[in-house]
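Visitor: I've got some questions about how this one is put together. Mind walking me through it?

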Amino acid sequence: MSEEEKILEEVTGADYKYGFTTDIESDTIPKGLNEDVVRLISSKKEEPEWLLNYRLKAFETWKKMEEPDWANIKYNKPNYQDIIYYAAPKQKKKLNSLDELDPEMKKTFDKLGISIDEQKKLAGVAVDFVMDSVSVATSFKDKLGELGIIFCSISEAVKEHPELVKKYIGTVVPTSDNFFSALNSAVFTDGSFCYIPKGVKCPMELSTYFRINQAGTGQFERTLLIADEGSYVSYLEGCTAPMRDENQLHAAVVELIAMDDAEIKYSTVQNWYPGDANGVGGVFNFVTKRGICHNRSKISWTQVETGSAVTWKYPSCILKGDNSIGEFYSVAVTNNYQQADTGTKMIHLGKNSKSTIISKGICAGKSEGSYRGLVKIQKSAENARNFSQCDSLLMGDKCGSHTFPYIEVKNKSAKIEHEATTSKIGEDQIFYCNQRGIGTEEAIALIVNGYCKDVLNQLPMEFAVEAQKLLAISLEGSVG
Amino acid sequence: MNLKDKLIKAFQETESTLSFQKERKDSIRRLEEFGFPTVKDEEWKYTNLLPIIKNEYALSASESLISKNLLDEYILTETETNVIAFVNGEFSHELSDIDTEKITLCPLSLAEKKHSTVVQNYWGKALPEHPDSLVALNTALSKEGVFVHVPKNTVAERPIQIVYFTTNISSDLFLQTRNLVVVEENAQVQITERHQNIDQKEVFTNSVTEIFAHDNSLIDFYKIQNDKRNCSLIDNTWVKQGKNCTCTVDTFSFGGKFIRNNLSFLLEGQYSESNMRGITLIGVNQLVDHHTLVDHAVANCQSNEMYKGIFDDNAKGVFNGKVMVRPDSQKTNAFQSNNNLLLTDSASIDTKPQLEIYADDVACSHGCTVGQLDDDALFYLRSRGIPFKEAQAMLMYAFANDVLSNVKIPELKQKLNRIIAEKLGVQIDIEV
């Protein structure tokens with residue numbers, strides 16, 4: 001084994017750091033999915049009639065749909081009757097402050113490195129923490145309330161702001177959109193809700209942390225984010241799950257609505273359990289994320305995907321309004337037996353709409369990474385502009401990297417550029433570093449970091465640090 | 001009776017008279033099972049075959065003839081070439097002009113008798129194990145085509161011109177043509193191919209060409225697609241390459257109402273090179289679909305792909321380029337580019353440059369653009385007294401020239417120049 005191979009081996013052989021389970025009693029319902037389960041979830045959440053009907057309708061749709069198999073991923077399809085669709089951490093009374101929180105759960109926060117208190121004091125980030133489907137804590141609620149910003153769990157929003165939820169839910173991602181969105185619409189248990197009123201610039205980063213804790217459960221969260229005219233919000237989302245042998249299912253739906261002149265920045269650091277080095281276990285991550293842009297508004301998706309055994313995720317923008325902007329920045333790291341089929345869709349409908357796609361894939365071990373994207377310019381989209389760049393970096397000769405870009409243009413004034421490259425870290429690049437006294441390991445770190453910089457730069461400060469750490473964990477011990 | 005049933009019936013009637021019984025039977029079974037592709041098939045997502053296959057077609061036509069003068073309009077006349085011509089699917093002695101001792105050039109039906117070992121060894125061998133229905137259909141029903149065999153250490157000095165004419169047909173016609181090109185070690189050949197309808201009736205051609213490039217060989221294949229507007233063509237080309245050989249397939253699509261090109265290269269020997277280039281220049285009610293596949297099965301090979309498209313009026317363009325790098329095909333260089341100009345809002349282009357890579361030490365890239373002519377460049381030319389139309393034509397001409405400049409037969413290059421100028425509706429005398 002050459003020196004380089006040895007280091008690559010070492011670099012790509014790191015274990016999952018967030019593999020702990022929290023010993024909290026949780027309230028679960030029996031496995032399986034049928035109409036009664038949907039009704040049970042709805043009644044447990046004390047939901048109004050219209051939402052129950054919405055769920056039942058989605059469930060009917062789902063029953064008629066087939067699980068998609070067009071993605072470039074191979075996995076044993078989950079048995080949907082063998083999943084627990086509701087698992088809430090048991091907590092009898094409502095909390096008044098964070099101090100009353102279950103100490104075990106507080107430990108979980110600490111281990112995740114997002115100590116709520118710390119964040120509250122130092123970073124000024126408002127966090128909504130969702131564990132096994134149920135939202136357990138939301139910080140900074142009062143402070144946000146003063147500005148008229150609503151930031152709470154979606155079940156709370158259903159109770160307190162039903163008119164908003166009813167008006168917008170399912171408008172961007174209809175229940176019948178795809179197999180997983182239908183499933184989610186039927187059984188979603190919690191998630192975040194956010195509303196930024198007209199003209200308000202949200203003063204702090206809003207953040208949600210998702211965690212699957214209970215064995216055999218699925219996480220089906222639903223996020224609905226509405227930025228009213230002229231407002232701005234930056235939203236962060238983080239995900240982890242403990243080590244489990246069996247595959248856990250995560251099927252989320254995220255809907256963003258940017259009204260005229262609004263701007264939404266949505267960042268995700270996804271670090272679900274990727275399975276062990278032999279490809280056993282891990283989370284199936286089947287997520288539908290989509291945003292709609294009205295006139296002069298902007299939606300920017302940034303994602304760092306390092307976890308999950310299987311990822312199936314295409315954060316999209318519907319650029320409906322004139323002069324609207326959609327952006328997609330992504331780093332997807334796959335290692336061992338991970339598979340990722342991810343990318344974006346930019347649907348241009350409005351005049352002068354613009355979109356940018358920067359996708360960086362890093363594949364190591366025996367993993368497979370795919371970029372799948374669609375850029376669609378409709379007839380109405382005068383002067384639409386798109387720039388796409390998707391690069392892949394291969395580490396090791398057993399991994400695979402693929403690109404499937406779809407470009408459909410129906411307007412002559414469109415300007416579309418697409419470029420893609422696939423390569424490995426050049427021996428000459430490493431040699432250049434070695435020559436200047438930088439060890440091979442540091443050199444790889446340096447190059448990987450430089451390679452991802454375009455994307456990492458888009459992340460808010462706190463997350464950029466975390467994302468770099470995650471890249472480090474995914475790829476080696478010391479990339480930093 | 002729909003077309004599929006009609007084809008199956010025709011097969012059963014002629015079955016006993018055909019060679020390669022087993023292959024043909026397997027193939028017709030494939031057609032029977034899968035039928036014609038629909039837009040639900042990923043490979044046919046953007047191209048709807050239904051309007052073409054809905055039509056009533058005769059599957060053969062009576063023998064006919066065209067004049068030598070008419071032939072000359074469609075072939076290169078100044079270059080010394082070997083011409084092999086077919087009328088209504090049958091070989092035409094009168095029109096063909098074959099004068100060669102070094103290589104074998106004859107209709108496939110004759111080759112099956114005279115060169116049966118070569119045909120037995122190669123026929124159908126470049127096709128995948130499970131071909132799509134159209135290739136299967138051709139395998140089952142094709143009776144005639146061109147056979148080219150260039151023996152070891154031979155340079156075919158004259159380019160070969162293949163022309164398929166259709167004329168005097170009593171009803172719309174569906175033809176299956178089949179070419180087999182075998183180029184042995186250290187051999188070299190240039191080939192042009194053209195399908196031309198002279199009749200008012202519609203013609204739909206489903207063609208399969210198999211090309212075998214052995215070690216150190218050199219092949220240039222030019223496809224000129226400038227048929228009448230009532231014609232449809234599905235052109236399947238399968239190339240199998242050995243060591244250290246270079247094979248180039250250039251496709252020039254100007255005419256016809258529906259053209260689908262399936263071009264596949266399989267690189268089986270190291271240090272080989274595959275080139276595919278194309279110019280598409282189409283307008284009213286035309287559709288051109290390029291599907292390419294390069295399969296890098298071994299290391300150290302190179303593939304280059306360059307397709308340029310100009311789409312006017314309500315033309316529709318489709319491009320799907322797939323580069324596959326198999327595990328252990330290290331040191332592969334694969335380059336792919338697809339540039340498109342849309343001249344109107346009713347024209348559309350759907351493009352999908354695809355990479356599937358399973359080896360790490362590779363340099364693969366693709367670039368794809370959709371845009372329009374640069375206003376500054378247009379202004380520059382017009383400010384120097386060049387009328388708008390000519391200025392536009394000059395820029396489009398320059399856009400296409402990257403591909404054109406690679407054509408190695410001077411007369412062909414001139415002819416293509418003329419076709420492009422005519423299509424752009426201008427007189428430009430730029431010679432390249």
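**Domains, core and contact**

Guide: Sure, and keep in mind that this is a predicted model. Let's start inside chain B, where 12 residues of domain 1 are in contact with 9 residues of domain 2.

Visitor: Which elements give two or more residues to the side of domain 1 of chain B that touches domain 2 of chain B?

Guide: That side divides into 5 nonpolar, 4 polar and 3 charged residues. The elements of chain B that give two or more residues to it are strand 7 (188-197), strand 9 (218-225) and strand 11 (246-253).

Visitor: What separates the centres of domain 1 and domain 2 of chain B, taken over C-alpha atoms?

Guide: The assignment for chain B gives domain 1 as 3-269 and domain 2 as 375-432. Taken over C-alpha atoms, the centres of these two domains of chain B are separated by 31 Å.

Visitor: Which strand gives the largest share of the largest nonpolar core?

Guide: That core has 228 residues, and the ones touching the most other members are A:Ala227, A:Ala258, A:Ile264 and B:Val148. Domain 1 and domain 2 of chain B each put at least three residues into this core. The largest share, 7 residues, comes from residues 173-183 of chain B, which is strand 6.

Visitor: Which residues is A:Ala258 in contact with, leaving aside its neighbours within four places in sequence?

Guide: A:Ala258 is one of the core residues that touch the most other members. Leaving those neighbours aside, the contacts of A:Ala258 include A:Glu263, A:Gly291, A:Cys293 and A:His294. The rest of the list is A:Ala227, A:Ile264, A:Ile292, A:Ser297, A:Lys298 and A:Ile299.

Visitor: In chain A, what percentage of contacts between residues at least 6 apart in sequence join residues at least 24 apart?

Guide: Chain A has 12 helices and 25 strands. Of its 480 residues, 57% are buried. As for contacts in chain A between residues at least 6 apart, the share joining residues at least 24 apart is 83%.

Visitor: Now the two chains: how many residues does the contact take from each of chain A and chain B?

Guide: The count is 29 residues from chain A and 31 residues from chain B.

On chain A's side, strand 24 (400-409) and strand 25 (415-424) each supply at least two residues. By class, that side has 9 nonpolar, 11 polar and 9 charged residues.

Visitor: And which residue is the bridge partner of A:Ile407 in strand 18 of chain B?

Guide: Strand 24 of chain A pairs with strand 18 (residues 348-357) of chain B, antiparallel, over 6 bridges. In that strand of chain B, the partner of A:Ile407 is B:Thr351.

Methods:
Residues numbered from 1 in each chain as written. Chains lettered and ligands numbered in written order. Predicted model: local features only at pLDDT ≥ 70, side-chain atom pairs only at ≥ 80, totals over all residues. Contact = placed C-beta atoms within 7 Å. Helix = DSSP H or I, 4+ residues; strand = E, 2+ residues; numbered from the N terminus. Nonpolar A, V, L, I, M, F, W, Y, C, P; charged D, E, K, R; others polar. Pairing = 2+ DSSP bridges. Buried ≥ 20, exposed ≤ 12 C-beta atoms within 10 Å, placed from the backbone. Core = buried A, V, L, I, M, F, W, Y, C linked by C-beta atoms within 7 Å. Domains from an automatic or database assignment.
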